[in-house]
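Biologist: Got a minute to walk me through this one? I'd like to start with the ligand and then look at the fold around it.

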Amino acid sequence: MRDAARRMGAPRTPQDEAKEATGRRAADMVVDGMRVGLGTGSTVHWTIVALGERRPDIVCTATSVQTHELATSLGLRVVTPDEIGGLDIAIDGADEVDPRFNLTKGGGAAHTREKIVAAMTDRFVVVVDESKLVPALGPFGTPLEVLDFAPGTVAAAVERLGSGPVTTRDRRTDNGNLVMDAHFPALEDPPAMAAALAAIPGIVEHGIFPGSMVERVIVAGTDGVRELVNDRR
Ligand code: 5RP
């Protein structure tokens with residue numbers, strides 16, 4: 001909706017400014033010779049734009065068709081995860097970040113590819129505006145990529161874990177699967193819920209990223225940009 005409004009000439013909001021600031025800050029971490037994972041969304045968009053402006057000598061892999069198209073249109077070299085083999089850094093947005101660096105991702109339905117790419121590096125850097133910092137994961141919902149074979153059975157299993165009625169989005173993932181959202185009360189133990197969801201047959205991937213995956217979160221707000229480094233890893 002916001003993107004549609006922007007296309008119609010609406011002025012940029014402070015949140016839009018923050019997204020650009022944090023996205024561009026992360027691009028400063030990328031230097032010549034790096035293999036770079038590029039996330040998906042309106043915040044990491046600005047990382048990709050900044051890299052396209054500077055054109056360091058890097059090779060990238062992309063977490064969605066949208067990101068692949070943007071990066072290649074800006075002259076960045078993009079190959080598959082298998083071709084790149086490993087990553088020096090991956091940069092991506094998030095929908096929620098809790099105080100232990102646990103993330104909700106998948107607002108853009110790209111969380112399966114995003115998780116594969118994030119797991120390819122020890123340096124997973126998350127770019128968010130202040131609104132994404134939450135005391136506990138949950139209010140956004142928990143995105144699920146689900147095989148289109150028995151979605152009702154999968155949803156019932158998720159609801160037995162404590163979710164309210166699981167909803168289905170009116171779109172599919174880049175992998176051709178369904179996108180569903182669980183609606184849990186505040187998650188006290190996101191890694192435990194991540195493991196429980198991963199054990200349900202038919203869930204291709206869920207949008208909980210344990211804090212152990214995250215090196216740092218770059219946060220932008222009205223006071224500027226700051227970095228939260230995860231020293232618990
Ligand atoms: C896509 C994602 C995005 O990183 C997340 O939705 C944040 O997006 P944005 O930067 O547009 O707020 O997980 O699947």
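Modeller: Sure. One bit of bookkeeping before the ligand shell: Ala, Val, Leu, Ile, Met, Phe, Trp, Tyr, Cys and Pro count as nonpolar, Asp, Glu, Lys and Arg as charged, and the others, Gly among them, as polar. Also keep in mind that this is a predicted model.

Biologist: Okay, so how does the shell around the ligand divide into nonpolar, polar and charged?

Modeller: Three residues of the shell are nonpolar, nine are polar and six are charged.

Biologist: And which residues are the closest to the ligand?

Modeller: Ser42, Thr43, Asp95, Gly106 and Lys132 are the closest, out of 18 residues that surround the ligand.

Biologist: What does lysine 132 do there, in terms of distance to a ligand oxygen?

Modeller: A polar side-chain atom of lysine 132 sits 2.7 Å from an oxygen atom of the ligand. Lysine 105 also has a polar side-chain atom 2.9 Å from a ligand oxygen. With threonine 40 the backbone is involved: one of its polar backbone atoms is 3.0 Å from an oxygen atom of the ligand.

Biologist: How much of the ligand does the protein bury?

Modeller: 91% of the 370 Å² that the ligand exposes when taken alone.

Biologist: Switching to the fold. Is strand E6 buried or exposed?

Modeller: Buried. Six of the six residues in E6, residues 124-129, are buried, so the strand is largely enclosed by the rest of the structure. Phe124, Val126 and Val128 are on one side, with Val125, Val127 and Asp129 on the other, and both faces are covered.

Biologist: Which strands does E6 pair with?

Modeller: E3, residues 89-92, pairs with E6 in the parallel sense over three bridges. There, alanine 90 is opposite phenylalanine 124. E12, residues 216-221, also runs parallel to E6 and is joined to it by five bridges. In that pairing valine 125 faces arginine 216.

Biologist: And the helices? What do the buried residues of H3 pack against?

Modeller: Helix H2, strand E1, helix H4, E3 and E6. Eight of the 11 residues of H3 (residues 44-54) are buried, so that helix is largely enclosed by the rest of the structure. Trp46, Ile48 and Leu51 are among the buried ones.

Biologist: What happens just after H3?

Modeller: Arginine 55 takes a positive phi there, about 50 degrees.

Biologist: Last one: why would you call H6 largely enclosed?

Modeller: Because six of its eight residues, in the run 111-118, are buried. Those include the charged pair Glu114 and Lys115, along with His111 and Val117.

Definitions and conventions
Residues numbered from 1 in each chain as written. Predicted model: local features only at pLDDT ≥ 70, side-chain atom pairs only at ≥ 80, totals over all residues. Heavy atoms only, no water. Buried < 20%, exposed > 50% of the residue type's maximum accessible area, 1.4 Å probe, protein only. Helix = DSSP H or I, 4+ residues; strand = E, 2+ residues; numbered from the N terminus. Near = heavy atom within 4 Å. Polar contact = N/O pair within 3.5 Å; in protein donor to acceptor, adjacent residues only side chain to side chain. Areas by Shrake-Rupley, 256 points an atom, 1.4 Å probe, with all protein chains shown as cover. Pairing = 2+ DSSP bridges. Contact = heavy atoms within 4.5 Å.
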